[in-house]
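Let's walk through this fold one helix at a time. Keep the structure open beside you and rotate it as we go.

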Amino acid sequence: ELFWSYISCQFIGRIYIKKNEYEKAKEFILKSNAVALQMKSPISQLPNLKLLAQIDSVEGNFKSAYLLQKKIALISDSVKLDENKRAAILVQVEFESDRKDKEIDLLNRNQELQAAQISQQATTRNYLVASIVLAVLLLALTYNRFRLKQKQNTLIEEKNREMEKLSIVARETANGVFIMD
């Protein structure tokens, strides 16, 4: 609502300037400027102050026109300073944002690297466990074969001893004993 009041009063003031009715023009431009002050917008005051300086110049009130020009320069400088501050803040925020993004990327890369290392360690551990299990199985199989061979050797030795006893008995007896399978 204030904005439309600001615009309409300024527009009416411009119309009166074109009609060379400077007092009425001043009245509406001053109203527009009062609204700009209410809006707390220094940049909105600039067109009104320029119009007022123009009216003062036309009316021959050069001192007032000069003071208005100084006020215009101050406000323009202030607006430019605010814009520069905003631009500097924007650059700072952008810099900080880029820095944070890079930090986040670095942390994500570190996290991915740690996950890969953990995965690699798990794989290595699994291979080690599988190798140990396989070695234990091979050892158990080898031991089992060894025990089996020992039993067979024991059986063969027992049979050999029996055969030797039989052979001794057969030699000692006059009758020969024929062993047949």
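Helices here are DSSP runs (H or I, at least four residues), as strands are (E, at least two), and they are numbered from the N terminus. What you're looking at is a predicted model, where local features need pLDDT of at least 70 and side-chain atom pairs count only at pLDDT 80 or more, while totals for chains, interfaces and linings use all residues. Residues are numbered from 1 along each chain as its sequence is written, and side-chain values use heavy atoms, with hydrogens and water left out.

Start with helix H2, residues 22-38. The expected span of a helix is 1.5 Å times one less than its number of residues. For the 17 residues of H2 that comes to 24 Å, and the end C-alpha atoms are 24 Å apart, so the two agree. Just past H2 comes lysine 40, with a positive phi near 55 degrees.

That angle deserves a short detour. Most residues other than glycine have a negative phi. Lysine 40 is not a glycine, yet its phi is positive. Lysine 40 sits in the loop between H2 and H3, and with a relative accessible area of 73% it is exposed. (Buried means under 20% relative accessible area, exposed over 50%, and partly exposed in between, using a 1.4 Å probe and protein chains only.) Asparagine 20 also has a positive phi without being a glycine, at about 65 degrees. Asparagine 20 belongs to the loop between H1 and H2 and counts as exposed at 52% relative accessibility.

Back to H2: which of its residues are buried? They are Tyr22, Ala25, Lys26, Phe28, Ile29, Ser32, Asn33, Val35 and Ala36. It helps to remember that an α-helix has 3.6 residues a turn, so residues three or four places apart point the same way. The buried residues of H2 pack against helix H1 (2-18) and helix H3 (42-59).

Two of those buried residues are worth clicking on. Contact means heavy atoms within 4.5 Å. Leaving out residues up to four places away in sequence, isoleucine 29 touches Cys9, Gly13, Ile17, Asn48, Leu51, Leu52 and Ile55. Asparagine 33, also in H2, is buried with a relative accessible area of 10%. With that same sequence cut-off of four places, asparagine 33 touches Gln45, Asn48 and Leu49.

Now for the core. A nonpolar core is a set of buried Ala, Val, Leu, Ile, Met, Phe, Trp, Tyr and Cys residues joined through side-chain atoms within 4.5 Å. The largest one has 17 residues, and Ile17, Ile29, Leu49 and Ile55 touch the most other members. H1, H2, H3 and helix H4 (62-172) are the elements giving two or more residues to this core. H3 gives the most, with six.

How do the helices lie against one another? Axes are lines fitted to C-alpha atoms, for helices over the stretch in contact, and angles run from 0 to 180 degrees between N-to-C directions. H1 and H2 pack at about 160 degrees, with their axes 8 Å apart. That makes H1 roughly antiparallel to H2. (Angles under 35 degrees count as roughly parallel, over 145 as roughly antiparallel, 65 to 115 as roughly perpendicular, and the rest as oblique.) On the H1 side the contact includes Cys9, Gly13 and Ile17, and on the H2 side Ala25, Phe28 and Ile29 are among the residues involved.

H1 and H3 are set at an angle of about 20 degrees, with their axes 11 Å apart, which makes H1 roughly parallel to H3. Here Tyr6, Gln10, Arg14 and Ile17 of H1 meet Ser44, Pro47, Asn48, Leu51, Gln54 and Ile55 of H3.

Next, follow H3 into H4. Their axes come within 9 Å and cross at roughly 160 degrees, which makes H3 roughly antiparallel to H4. The contact includes Leu46, Leu49 and Ala53 from H3, along with Leu68, Ile72 and Ile75 from H4.

Finally, look further along H4, where you'll find isoleucine 104. At 45% relative accessibility, isoleucine 104 counts as partly exposed. Isoleucine 104 and glutamine 121 are 17 residues apart in sequence, and their C-alpha atoms are 25 Å apart in space.
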